[in-house]
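I opened this notebook to record what I looked up in one structure. The entries follow the order in which I worked.

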Amino acid sequence: MSNKIDLNLYRVFSQVYHHQSITLAAEQLGVTQAAVSGSIKRLSKLCGQDLFIRNGRGIIATLYAHQLMEQLLPSLEVLEGLVEDTKVFDSKSSRQQFTVLAFESITDQLLPHTLHLQKLGNPLITFKDQNTNETQINEALFSQQADLAIDITDSRDNTLIYQPLATDEIVLICRHNHPRINGSVSAEQFFSEQHIKLNLTRANTSIVDFYAENNLSTRKVVAECNSLLSLISLVAQSDCIGACSKSLAHKYQQAFNIQIIDMPVNIKPVQLSLIWHRRQRNNPAHKWLRDTITEIYRHHIGLTQ
């Protein structure tokens, strides 16, 4: 391979590699599809190898392209970092806005605090519910449609950074004057009571089933909902039981007059992570965003890693 290569070819290659699409790469780069195709052909010729091959109506990366990307990634990060390190960010004067992908329950906890910070002159942080899969989250971060994601995913994409944010527990909730429950529930009673189930749209299962260490499919589910507040409201107005994060249960305990009870079955803790693209690692504005979210969890929500 020649040592004299237009660095822009690497940038184009990175976009096509991530999107696995000439069209999407062209849209992201703001150039024509012909320009992107031409750059890929030039780089392929310089490498002496095909980088992408046809796959149905689309393209897929070749083994050589995977190997090339693995070698290029550290260098691309260094180049991006050099640019980001020269930037200065003042949260009180910046007009920058941020977009964070997060579940409804996470937005519920963070939004009051971020709006308060905005009133003090800090940047606006907008939250978007991500009822979508990990691939689409990664795509949004890569294409800069979102700055940050707060998620429970355990997948790992080498273009992204995953930083543990907070650990929460799943607890059982029921109305305060429940006729059969007062402070505790046995495993036998857990399966005999009627349940309201909170679904995780992306995982096509409930929050409890997602984290349960055993099969809970025999419990009596009488209603399903996709909203946490709907779950709490339904539980508060019936003799049904439900499950949600401990931090949110405490937040709404008095408002809905509910009991908070330890789960009588083995449920793994909920691990939240901050997820962002590696290009943002040294960006002062992005560091402010990450630090702000972390501080809110530590000092206001009371959850730490």
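The entries below concern a predicted model and deal with its sheet, its cores and one helix pair.

**Entry 1: the sheet.** I began with strand order. I found an open sheet of five strands, arranged S4-S3-S5-S13-S6, with mixed pairing. I then looked up the edges: S4 and S6 (160-168) each pair on one side only. For the twist, I noted that neighbouring strands are turned against each other by 25 degrees on average, with direction ignored.

**Entry 2: the S6 edge.** I checked the sense of pairing here. S6 and S13 (residues 270-277) run antiparallel and share eight bridges. As a reference point I noted Gln-163, whose bridge partner in S13 is Leu-274.

**Entry 3: the S4 edge.** At this edge, I recorded parallel pairing between S3 (residues 98-101) and S4, over four bridges. Val-100 has Phe-127 of S4 as its bridge partner. I also traced the connection: S3, helix H5 (residues 104-119) and S4 form a β-α-β unit, and the unit is right-handed. Next I asked which residues of S4 (residues 125-128) lie on its covered face and which on its uncovered one. Ile-125 and Phe-127 are on the covered face, while Thr-126 and Lys-128 are on the uncovered face.

**Entry 4: the nonpolar cores.** I looked up the largest nonpolar core and found 60 residues in it. The members that touch the most others are Leu-110, Ile-150, Met-263, Ile-267, Ile-293 and Tyr-297. Helix H11 (residues 284-301) gives the most to this core, namely seven residues. I followed one of these members further. Leaving aside residues up to four places away in sequence, Leu-110 touches Phe-127, Ile-150, Ile-293, Ile-296, Tyr-297 and Ile-301. Phe-127 thus appears in my notes again, having been entered as the bridge partner of Val-100 and as part of the covered face of S4. I also recorded a second, separate core of 24 residues, with Ala-25, Leu-51, Ala-61 and Leu-73 among them. As background, nonpolar side chains tend to be buried together in soluble globular proteins.

**Entry 5: H2 against H3.** I asked how the axes of H2 (residues 22-29) and H3 (residues 33-47) cross. They come within 8 Å and cross at roughly 110 degrees. Angles of 65 to 115 degrees count as roughly perpendicular, so H2 and H3 are roughly perpendicular to each other. On the H2 side, the contact is made by Ile-22, Thr-23, Ala-25, Ala-26 and Leu-29. On the H3 side, Gln-33, Val-36, Ser-37 and Ile-40 make the contact. I noted that Ala-25 is listed in this contact and also in the second core.

Conventions. Residues are numbered from 1 along each chain as its sequence is written. This is a predicted model: local features need pLDDT of at least 70, side-chain atom pairs count only at pLDDT 80 or more; totals for chains, interfaces and linings use all residues. Side-chain values use heavy atoms; hydrogens and water are left out. Buried means under 20% relative accessible area, exposed over 50%, partly exposed in between (1.4 Å probe, protein chains only). Helices (H or I, at least four residues) and strands (E, at least two) are DSSP runs, numbered from the N terminus. Two strands pair if DSSP finds at least two bridges between them. A crossover is right-handed if, with the strands pointing away from the viewer, the path from the first strand over the helix to the second runs clockwise. A nonpolar core is a set of buried Ala, Val, Leu, Ile, Met, Phe, Trp, Tyr and Cys residues joined through side-chain atoms within 4.5 Å. Contact means heavy atoms within 4.5 Å. Axes are lines fitted to C-alpha atoms, for helices over the stretch in contact, and angles run from 0 to 180 degrees between N-to-C directions. Angles under 35 degrees count as roughly parallel, over 145 as roughly antiparallel, 65 to 115 as roughly perpendicular and the rest as oblique.
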